[in-house]
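Colleague: Could you take a close look at the side-chain and helix contacts in this model? I would like one connected account, with distances and burial where they are available.

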Amino acid sequence: MDTVSPTFGPVPSRRLGRSLGINNVPPKTCSYSCIYCQLGWTPTMGVERRTFYRPEEVMDAVRAQVREALRRGEEVDHLTFVPDGEPTLDLNLGAEILALKELGVPIAVITNASLVGRDDVREDLSAANWVSLKVDAVSEAVWRRINRPHRDLSLTSILAGIRKFSRTFGGILVTETMLASGVNDHAEELHRIADFLGEVRPRVAYLAVPTRPPAEPGVEPPPGERLVAAFSILSAQLSHVELLIGYEGDAFAASGDARRDLLSIVAVHPMREGAVRKLLARDGAGGEVVEELVATGTIVEIEYRGHRFYVRALPGRRQRTEERGDATG
Ligand code: SF4
């Protein structure tokens, strides 16, 4: 059994506020070896649930970290299971969630969903307040190509497990779909994903792109027009779709600062030209704000189906630990 059970943060997360991360499995213990994983390829893949750390050890580490954060005057909005691997491989996940509830902080789990076909895993997750499930593909070939699953996993069982979980879970369920250029960003797969997510009805369906060095060279975010297409295909089935492209943002509040307002919105979803014009008018600004942001490469202009959209340019490929809570798992 390993003897360290690290926690980290709290770090700012757009989805979870100030999130204190819990690393409940040893580094790169996973059932997938995703081509875009920022942690590199998975040396030893597994699907057996095990005890990696003693649950008391995890709880003591979290309690100490929360105490320390509060002593520094920092708030903790969520305790988040977001290890460098797959959190549901931890046999004690459910017991840890239940025990941590005594701290009175909502509990989040970011999982790749590969084990959600199992009754015990769904039961463990049901104790959390917020759960993010990975849905990168719903076609067998695309799933194998992007997630490179352990050979004992079955996509049919995973998708059935996600459906079941979505029907019974009482907390906030979101999904995360990582788009890789030329792999799962074509219209056919996106329509299938959209149909599936339409059944699952997540509170928010997040579309992410690889923004940090991936496990496999050559894995790239989709070009702008495909990102806009993906957003539009999912939005046709789902009431709330958001981009997760590496920016924290306080979306949708008109603060009177046109530049800031525009940036915070286009980091979350592509915005049509007409909507941009209205936003600028509300803030008493003109088109020069957009021109400057396009000229400096801060936002990009994309033509899609006869309309012009604006979206935040992707950040550079750099390691940003403060974003960990929003992109792994
Ligand atoms: S991205 Fe997440 S699920 Fe995929 S290999 Fe990395 S840790 Fe595992």
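**Side-chain and helix contacts**

Modeller: A network of salt bridges links Arg18, Glu68, Arg71, Arg72 and Glu74. The model discussed here is predicted. Within that network, arginine 72 and glutamate 74 meet through their side chains, with an N to O distance of 2.6 Å. Arginine 72 has a relative accessible area of 43% and is therefore partly exposed.

The structure as a whole contains 22 salt bridges. One of them joins aspartate 124 to arginine 49, with 2.7 Å between the closest N and O atoms. Aspartate 124 belongs to helix H3 (residues 119-126), whereas arginine 49 sits in the loop between strand S4 (44-45) and helix H1 (55-71), so this salt bridge ties together parts that are 75 residues apart in sequence. Aspartate 124 counts as buried because its relative accessible area, 13%, is under 20%. Arginine 49 is likewise buried, at a relative accessible area of 9%.

A further salt bridge is formed by the side chains of arginine 308 and glutamate 273, at 3.6 Å from N to O. This pair also connects distant parts of the chain: arginine 308 is in strand S13 (residues 307-312) and glutamate 273 is in helix H9 (residues 273-282), a separation of 35 residues. Arginine 308 has a relative accessible area of 31%, which means that it is partly exposed. Glutamate 273 is partly exposed as well, with a relative accessibility of 29%.

Helix H9 brings the account to helix packing. Two packed helices are described by the angle between their axes and the distance between the axes. For helix H8 (residues 258-266) and H9, the axes come within 9 Å and cross at roughly 145°. This crossing of H8 and H9 is right-handed. On the H8 side the contact involves Ala258, Asp261, Leu262 and Ile265, and on the H9 side it involves Val276, Leu279 and Leu280.

H1 offers another case of packing, with helix H2 (residues 93-100) as its partner: the axes are 10 Å apart and the angle is about 35°. H1 passes H2 in a crossing that is again right-handed. The residues of H1 that take part are Pro55, Val58, Met59 and Val62, and they meet Glu96, Ala99 and Leu100 of H2.

Aromatic side chains come next. A search of the whole structure gives two aromatic pairs. Tyrosine 32 and tryptophan 143 form an edge-to-face pair, with ring centres 6.4 Å apart and 75° between the planes. Tyrosine 32 lies in the loop between strand S3 (29-30) and S4, and tryptophan 143 lies in helix H4 (residues 140-147), so that this pair links parts of the chain 111 residues apart. Tyrosine 32 and tryptophan 143 are both buried. The pair formed by phenylalanine 165 and phenylalanine 169 is stacked, at 4.7 Å centre to centre and 20° between the planes. Phenylalanine 165 and phenylalanine 169 are buried too. A charged side chain also meets an aromatic ring: arginine 15 lies over the face of tyrosine 206, 4.8 Å from the ring centre.

The loop between S3 and S4 deserves a second look, since tyrosine 36 is also located there. Tyrosine 36 counts as buried because its relative accessibility is 6%. Leaving aside residues up to four places away in sequence, tyrosine 36 touches Lys134, Asp136, Ile146, Asn147, Met178, Pro210, Pro214, Ala215 and Val219. Although tyrosine 36 and proline 213 are 177 residues apart along the chain, their C-alpha atoms are separated by 7.7 Å.

Proline 214, one of the residues touched by tyrosine 36, lies in the loop between strand S9 (204-208) and helix H7 (224-235). Proline 214 has a relative accessibility of 22% and therefore counts as partly exposed. Between proline 214 and glycine 40 the C-alpha to C-alpha distance is 6.6 Å, with their positions 174 residues apart in sequence.

Methods: Residues numbered from 1 in each chain as written. Predicted model: local features only at pLDDT ≥ 70, side-chain atom pairs only at ≥ 80, totals over all residues. Heavy atoms only, no water. Salt bridge = Lys/Arg side-chain N within 4 Å of Asp/Glu carboxyl O. Helix = DSSP H or I, 4+ residues; strand = E, 2+ residues; numbered from the N terminus. Buried < 20%, exposed > 50% of the residue type's maximum accessible area, 1.4 Å probe, protein only. Phe/Tyr/Trp six-rings, centres within 6.5 Å; stacked < 30°, edge-to-face > 60°. Lys NZ or Arg CZ within 6 Å of the ring centre and 35° of its normal. Axes fitted to C-alpha atoms, helices over the stretch in contact; angles between N-to-C directions. Left-handed = near helix turned anticlockwise from the far one by under 90°. Contact = heavy atoms within 4.5 Å.
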